[in-house]
Amino acid sequence: MCAEYFRSNIVVTATLTKTTPIPANNPAYPFARIYTLRVDRIFRGKVPATVQVYEENSSGRAGFSWVRGQEYLLFLNYNENDHTLWELDGCGNSGPLNRAAAALSAIDAIKTSRSSTIRGVITEQALSTPIAGVHVEAQSGNLLFTAVTNRRGEFQFDVPPGRYSVSAVEKGRLFREGDYSYQDLDNPIEPGGCAQVLLAER
């Protein structure tokens, strides 16, 4: 959740006021929809009074139902093709506000924290078998942090805000960043921020 929060351009609660279908060849099965929402509360970013969320009728759509008049917690990014529209990660933490207590609690913790976290997992192949006992290093300038993966292949660093590189150090093995890392470590980690990293054996 933390990594998605800092990766999002805006994080808001908003109420659905209108659904606009964008028909494909068969009007009964819209290719996409635009959801217009009134913004109620802003957690992150600069946000207008209303937002329009673009969603294709595909496997990437939201894992919840959109209901007019219902309030949602939304983690949104600009649509790549139209910066007047927004998109959400269908596998992320966006959803109805009445089911968002844990996410709201995590946001409150983020906003009061001054330290940052790098979490990750190391696998034999992307999203495959985890590897335990691998030494991992996180470095920022002269700062160096070390950890060892647990039996689930997981590691974690609590670090000051800044720009970090993360590498796995294991004799006879090479690792690369996986396709499903949630934050590009080329960007600095903000105070209270997170990076979520997947390293996979080559």
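1. Let me begin with a definition: a residue counts as exposed when its relative accessible area is over 50%, as buried when that area is under 20%, and as partly exposed in between. Please keep in mind that the model is predicted. With those words in hand, look at helix H2, where the exposed residues Ala 101, Ala 102 and Thr 112 sit on the face turned away from the buried side.

2. The buried side of H2 deserves a look as well. Ala 103, Ile 107 and Ile 110 are the buried residues in this helix. They lie on the same side of H2, because the arc they cover around the axis is only 60 degrees. There is a general reason to expect such patterns: an α-helix has 3.6 residues a turn, so residues three or four places apart point the same way.

3. What lies over that buried side of H2? The cover includes helix H1 (2–7), together with the strands E1 (10–22), E2 (32–44) and E4 (71–79). As for the helix itself, H2 runs over residues 101–112, which makes 12 residues. From its first C-alpha to its last, H2 reaches 17 Å, close to the 16 Å expected at 1.5 Å a residue.

4. Now to the aromatic rings, which form 8 aromatic pairs in this structure. One of them joins Tyr 5 and Phe 6 in an edge-to-face arrangement, with 5.1 Å centre to centre and 80 degrees between the planes. Tyr 5 is buried at a relative accessible area of 4%, and Phe 6 is buried too, at 13%.

5. Another pair, Tyr 78 with Trp 86, is stacked: the centres are 4.4 Å apart and the planes differ by 20 degrees. It counts as stacked because its planes are under 30 degrees apart. Here Tyr 78 is partly exposed, with a relative accessible area of 35%, whereas Trp 86 is buried at 5%.

6. You can find the backbone setting of that stacked pair in a hairpin. E4 and E5 form this hairpin, with 2 residues between them. The two strands, E4 and E5 (residues 82–88), pair in the antiparallel sense over 4 bridges. Tyr 78 has Trp 86 of E5 as its bridge partner, and the rings of these two residues also form a stacked pair.

7. A further group of rings is worth opening in your viewer. Tyr 35, Phe 64, Trp 66 and Tyr 72 are linked into a cluster by ring pairs.

8. On to the sheets. One open sheet has 3 strands in the order E9-E8-E11, and its pairing is antiparallel. E9 (143–148) and E11 (165–169) are at the edges, each with a single partner strand, so one side of each has no neighbour in the sheet. From one strand to the next, the twist averages 20 degrees. Within this sheet, E8 (residues 135–140) and E11 pair over 5 bridges in the antiparallel sense, and Gln 139 stands opposite Ser 165 in E11.

9. A second open sheet has 4 strands, ordered E10-E7-E13-E12, with mixed pairing. Its edges are E10 (154–159) and E12 (175–177); each has a single partner strand, so one side of each is left without a neighbour in the sheet. Neighbouring strands here are turned by 25 degrees against each other on average, direction ignored. E12 pairs with E13 (residues 194–201) in the antiparallel sense over 3 bridges, and Arg 176 stands opposite Ala 200 in E13.

10. Is Thr 123 buried or exposed? It is buried, with a relative accessible area of 4%. This residue is found in strand E7 (residues 116–123). Leaving aside neighbours within four places in sequence, Thr 123 is in contact with Ser 128, Thr 129, Pro 130, Ile 131, Leu 198, Leu 199, Ala 200 and Glu 201.

11. Finally, which residues are in contact with Pro 161, leaving aside its neighbours within four places in sequence? They are Arg 114, Ser 116, Ile 189, Glu 190 and Pro 191. Pro 161 has its place in the loop between E10 and E11 and is partly exposed, at 38% relative accessibility. Between Pro 161 and Ala 49 there are 31 Å in space, C-alpha to C-alpha, and the two are 112 residues apart in sequence.

Key: Residues numbered from 1 in each chain as written. Predicted model: local features only at pLDDT ≥ 70, side-chain atom pairs only at ≥ 80, totals over all residues. Heavy atoms only, no water. Phe/Tyr/Trp six-rings, centres within 6.5 Å; stacked < 30°, edge-to-face > 60°. Buried < 20%, exposed > 50% of the residue type's maximum accessible area, 1.4 Å probe, protein only. Expected span 1.5 Å × (residues − 1). Arc of directions from axis to C-beta. Contact = heavy atoms within 4.5 Å. Pairing = 2+ DSSP bridges. Axes fitted to C-alpha atoms, helices over the stretch in contact; angles between N-to-C directions.
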